[in-house]
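Biologist: I'm new to this one and would like a close look at a single part of it. Could you pick out a salt bridge, walk me through it slowly, and then show me how it fits into the rest?

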Amino acid sequence: QLTPSSFLRIGQLSNVDLNEDVHELETELPRQRPNEIPHNEKLLSLKYESLDYDNSENQLFLEEERRINHTAFRTVEIKRWVICAMIGILTGLVACFIDIVVENLAGLKYRVVKGNIDKFTEKGGLSFSLLLWATLNASVVMVGSVIVAFIEPVAAGSGIPQIKCYLNGVKIPHVVRLKTLVIKVCGVILSVVGGLAVGKEGPMIHSGAVIAAGISQGRSTSLKRDFKIFEYFRRDTEKRDFVSAGAAAGVSAAFGAPVGGVLFSLEEGASFWNQFLTWRIFFASMISTFTLNSVLSVYHGNAWDLSSPGLINFGRFDNEKMGYTIQEIPIFIFMGVVGGILGALFNALNYWLTMFRIRYIHRPCLQVVEAMLVAAVTATVGFVMIYCSRDCQPIQGSTVAYPLQLFCADGEYNSMATAFFNTPEKSVVNLFHDAPGSYNPMTLGMFTLMYFFLACWTYGLTVSAGVFIPSLLIGAAWGRLFGISLSYLTKGSIWADPGKYALMGAAAQLGGIVRMTLSLTVIMMEATGNVTYGFPIMLVLMTAKIVGDYFVEGLYDMHIQLQSVPFLHWEAPVTSHSLTAREVMSAPVTCLRRIERVGTVVDILSDTSSNHNGFPVVESNPGTTQVAGLRGLILLPTSLFHVFLERPTLSLVQRRLKLKDFRDAYPRFPPIQSIHVSQDERECMIDLSEFMNPSPYTVPQLCLPASGCTMSLSWQVVGMVTRKDLARYRLGKEGLEELSLAQT
């Protein structure tokens, strides 16, 4: 005899730890790791799914919206502003923590190594100093690489490509988890202190995004704590907007550029934008830079000064000494060309290096060994170049933090050491503002060459690190060298100031590598505190982008492509406008009836060969297989866990479901394997009407997806157009090419 309690148990979730299940499966079936993983860049991975950036306007959603009155809507809007303020405050505090810890740990390391070098310069045996420097670097980087490789691999790199993918609508596993934030912060501190050719500014964008994703949900799934606040925002659409604000707050904290942060989020990140979102993101960015400014000013002992708006401050550029004239415009454009070519070379070398890493250095232990090797080589190259350099400058009047005398006369320091024996941020500022004559041209030339290859080798290691500052440092070095050459050719003309050309070279190099234009122009202007250079910086960045795009893609887009992510660009490939929906769609389609058997639904969800996770709901005549018409679309993984079950002969009255039931399970919905359904329960029926979207986007078979077409109700479902169906077409060297789909 069936009782009401037996119905309540149907489809009940088992109380299991999903992570433990995964670990058990891995231990039962040990994977043989091959020495080489075959990788083809012309593949699109099936393991990435889309986020639900379009609200499913089903009955539950519409009923909740109708219940919310005007006052409730005002409360929701106030909560949005409160969350943005909290995002700004916490992102600024995280940036302060990174900056203070790096400053102290790096200062301690450089003082120890400097004292050792000074001691052995007099006594002999400088090889011990080299060994100490290399060992310190390798040890610190080893810790930073171990926590990334073995605990949270998604925290590697700057995180900007992953956040771009997330905001584009691609679900990247673990990308906005609390554990990722902790590993990211610790990893970037250890990478910078370890002396790698990296910066701490890029990872701030990823850190801000994780903070935004966590705060907006009002709970932490990692800590298993639910604070029961902000429950209305537990869906992908709302979370996306806050992650956009977090990314902008990260840029603002890194460079002291709130407007640049907003533009970065618009240009590089968000695929969805509106006027209200602009204001909220700008508010979060301003709060972030103000928080950082206030805390660092107190830390440095000048509480009312507010002179530290970002992690890196380029310093003030004097208009009188460093203005520009009309005849310098062609020179700036030429520097943009050089930056575009060098950026394309950097990206091409890093592309082949990343391909090699994917194929051969895929084991965590090998990744840690490579990071330690790069750290030791970086220290060795720096030491050898300082040792061989005879570029001595007077120490009086200089602002060098750790002057190394080495073989220079008393009262002088080694100029090469100011570039290598320092954090990259301080080296950039030195190249911008040191007086003319502070660097020998040979010193700058050798430093540019060596640091270029070191930075290229470093980007892509299994460590948390950014490419912004190394790019600026390379460009500032060759830009200053260019300015010295111009000064020599023009016999010391007042307009040929090396610091000005160092700034243009830095912009050209960074633009040539990452291919950002609008946001980077404003970031550079805000970081220098000078609007005068807006036009030449814009010219340099546009030229660098045009020249670089002629050869290869930007660094971030290239790494997205190498990870086989189905990323959708702003526009479809120019040669794809003749393709119709029938040519790109996935077929055949797995459809569900409006009232369906539980067993059928379980079997569909258990089928891993399905090429789509959204299922059309159709109305079919009882006893026939003929499809009568499309009734809606349902995303089953989000709605099977709290189903209303009903047998054909019995009915059961139970509490109606609300959207809150789904939000409580968001975002880690259990897999179908954790739901135990008996043979008797498989015969139950589910009414999908409440959970399906009754008005999905439908198009005729002959629609042109690239150019858009009129939406209409398709009564006969013949195919599904998914993200992967559109992303697999891209523009190659020989025209439009179609990528293969693979479970990589």
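**A salt bridge and its surroundings**

Modeller: Let's start with Glu77, which makes a salt bridge to Arg80, with 3.0 Å between the closest N and O atoms. Keep in mind that this is a predicted model. Why do Glu77 and Arg80 sit about one helical turn apart? Because they are three residues apart in helix H4. As a rule, an α-helix has 3.6 residues a turn, so residues three or four places apart point the same way. The two partners aren't equally covered, though: Glu77 is partly exposed at 28% relative accessibility, while Arg80 falls under the 20% cut-off and counts as buried, at 13%.

Now follow the helix along. H4 covers residues 70–123, and Asn116 is in it too. Asn116 has a relative accessible area of 15%, so it is buried. Setting aside residues up to four places away in sequence, Asn116 touches Phe128, Ser129 and Leu132.

H4 also matters for the inside of the model. The largest nonpolar core has 150 residues, and those with the most contacts inside it include Phe314, Phe420 and Phe468. H4 gives this core its largest share, 14 residues. Take Phe420 as an example: beyond its neighbours within four places in sequence, it is in contact with Tyr110, Trp133, Val381, Gly382, Met385, Ile386, Phe447, Tyr451 and Leu454. A separate core of 20 residues lies apart from this one, with Val601, Ile634, Leu657 and Leu688 among its members.

Back to charges, since that's where we began. The count of salt bridges comes to 27. Another of them pairs Asp687 with Arg594, where the closest N and O atoms are 3.7 Å apart. Asp687 is in strand S13 and Arg594 is in the loop between strands S8 and S9, so this pair ties together parts 93 residues apart in sequence. Both ends are partly exposed, Asp687 at 31% relative accessibility and Arg594 at 25%.

Then there's Arg597 with Glu683, at 3.4 Å between the closest N and O atoms. Here Arg597 lies in strand S9 and Glu683 in the loop between helix H25 and S13, so the bridge links parts that are 86 residues apart in sequence. Arg597 is partly exposed, with a relative accessible area of 25%, and Glu683 is partly exposed as well, at 37%. As for our opening pair, salt bridges with shared partners join Glu77 and Arg80 with Arg235, Glu238 and Arg280 into one network.

One more stop, this time without charges. Ala375 is in helix H14, residues 364–388, and is buried, with a relative accessible area of 0%. Its C-alpha is 5.2 Å from that of Ala138, although the two are 237 residues apart along the chain. Besides Ala138, and again not counting residues up to four places away, Ala375 touches Asn137, Val141, Gly194 and Leu196.

Finally, step back to the whole chain. Its secondary structure comes to 26 helices and 16 strands, and 52% of its 744 residues count as buried. Of the contacts with a separation of 6 or more, 79% are between residues 24 or more positions apart.

Notes: Residues numbered from 1 in each chain as written. Predicted model: local features only at pLDDT ≥ 70, side-chain atom pairs only at ≥ 80, totals over all residues. Heavy atoms only, no water. Helix = DSSP H or I, 4+ residues; strand = E, 2+ residues; numbered from the N terminus. Buried < 20%, exposed > 50% of the residue type's maximum accessible area, 1.4 Å probe, protein only. Contact = heavy atoms within 4.5 Å. Core = buried A, V, L, I, M, F, W, Y, C linked by side-chain atoms within 4.5 Å. Salt bridge = Lys/Arg side-chain N within 4 Å of Asp/Glu carboxyl O.
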